[in-house]
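Student: Could you help me take a close look at one part of this protein? I would like to go slowly and see how the pieces fit together.

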Amino acid sequence: MSLEELEENEDDISVRKMRLAMEIVQVQTRSLGQDYVQEVNKAGAGICVVLHLYKPGIPLCTLINQHLSRLAQKFPQTKFLKSISSTCIPNYPDHNLPTLFIYHEGEMKAQFIGPLLFGGMNLTCDELEWRLSESGAVKTDLEENPRKQIQDQLLRSIRCSEPHRRDEDEDSDED
């Protein structure tokens with residue numbers, strides 16, 4: 001074979017390899033989507049499933065994946081799954097990420113869709129645990145909402161920094 005013929009055949013081989021790789025990915029994607037349905041619907045009696053739809057490169061999705069990994073160790077009785085959103089639901093919009101679906105015995109019990117529901121990158125593992133406990137996915141040992149403490153402190157600092165009106169100060173001096 002000449003150099004030109006080798007280069008032409010090389011292109012054919014690389015095109016075939018790429019086509020084969022794409023076909024493998026499509027088959028895996030289809031089976032993964034079906035596997036998640038199987039994992040959720042047939043998780044077992046009394047089993048809660050937390051399914052996180054995410055996309056790599058979205059920082060809040062990465063943070064939630066880290067928190068869910070910790071929570072999975074803490075709550076082995078709950079099944080924690082994650083899936084790239086487009087693998088599980090074709091054409092799922094990125095603006096809905098992160099998304100958590102909570103299932104119990106195959107039935108959806110709660111859903112958290114979009115970044116606003118998670119409170120941004122300040123979301124702590126305890127806050128996520130509290131949210132999951134409110135939906136029945138885990139039985140937490142936290143006694144109160146950790147987010148409430150933050151809100152209370154914020155309100156207290158706002159009240160402490162309220163400016164006093166001069167008229168009120170002068171009136172109180174006369175009494």
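Student: Among contacts in the protein between residues at least 6 apart in sequence, what percentage join residues at least 24 apart? After that, please walk me through the four-stranded sheet and its surroundings.

Tutor: Happy to! Please keep in mind that this is a predicted model. The answer to your first question is 62%: that share of the contacts between residues at least 6 apart in sequence joins residues at least 24 apart. The sheet is a good place to look for partners that are separated along the chain.

Let's begin with the parts list. The protein has six helices and four strands, and from the N terminus on they follow the order α-β-α-β-α-β-β-α-α-α. The four strands form an open sheet, but across the sheet their order is 2-1-3-4, and the pairing is mixed. Strand 2 and strand 4 (107–113) stand at the edges; each has a single partner strand, so one side of each is left without a neighbour in the sheet. On average, neighbouring strands here are turned by 20° against each other, direction ignored.

Now put your finger on strand 1, residues 48–54, and look to either side. Strand 2, residues 78–84, runs parallel to strand 1, and seven bridges join the two. One bridge to find for yourself pairs Leu53 with Ser83 in strand 2. Strand 3, residues 99–104, is antiparallel to strand 1, with six bridges between them. Here you can look for Leu51, whose bridge partner in strand 3 is Phe101. What you are seeing follows a general rule: strands of a sheet pair through backbone hydrogen bonds, either parallel or antiparallel. It also helps to know that side chains in a regular strand alternate between the two faces of the sheet.

How does the chain get from strand 1 to strand 2? Helix 2, residues 59–74, joins with these two strands in a right-handed β-α-β unit. Helix 2 lies across strand 1, strand 2 and strand 3, and runs at about 160° to strand 1. Helix 4, residues 125–134, lies across strands 1, 2, 3 and 4, and its angle to strand 3 is about 40°.

Next, follow the chain into helix 3, residues 85–88, where you will find Ser86. Ser86 and Tyr54 are 32 residues apart in sequence, while their C-alpha atoms are 8.7 Å apart in space. Is Ser86 buried or exposed? The label lies in between: because its relative accessible area is 35%, Ser86 counts as partly exposed.

The loop between helix 3 and strand 3 has two residues to pause at. Asn91 is found in this loop, and its phi is positive, about 65°, although Asn91 is not a glycine. With a relative accessibility of 75%, Asn91 counts as exposed. Pro98 also has its place in this loop, and a cis peptide bond joins it to Leu97, with omega about -5°. Farther along, Glu105 sits in the loop between strand 3 and strand 4. Glu105 is another residue other than glycine with a positive phi, near 55°.

Finally, step back to the whole protein. Of its 175 residues, 29% count as buried. The protein exposes about 12,200 Å², and carbon and sulfur atoms supply 52% of that area.

How values were computed: Residues are numbered from 1 along each chain as its sequence is written. This is a predicted model: local features need pLDDT of at least 70, side-chain atom pairs count only at pLDDT 80 or more; totals for chains, interfaces and linings use all residues. Side-chain values use heavy atoms; hydrogens and water are left out. Buried means under 20% relative accessible area, exposed over 50%, partly exposed in between (1.4 Å probe, protein chains only). Contact means heavy atoms within 4.5 Å. Accessible areas come from the Shrake-Rupley method with a 1.4 Å probe; for residues, only the protein chains shown count as cover. Two strands pair if DSSP finds at least two bridges between them. A crossover is right-handed if, with the strands pointing away from the viewer, the path from the first strand over the helix to the second runs clockwise. Axes are lines fitted to C-alpha atoms, for helices over the stretch in contact, and angles run from 0 to 180 degrees between N-to-C directions.
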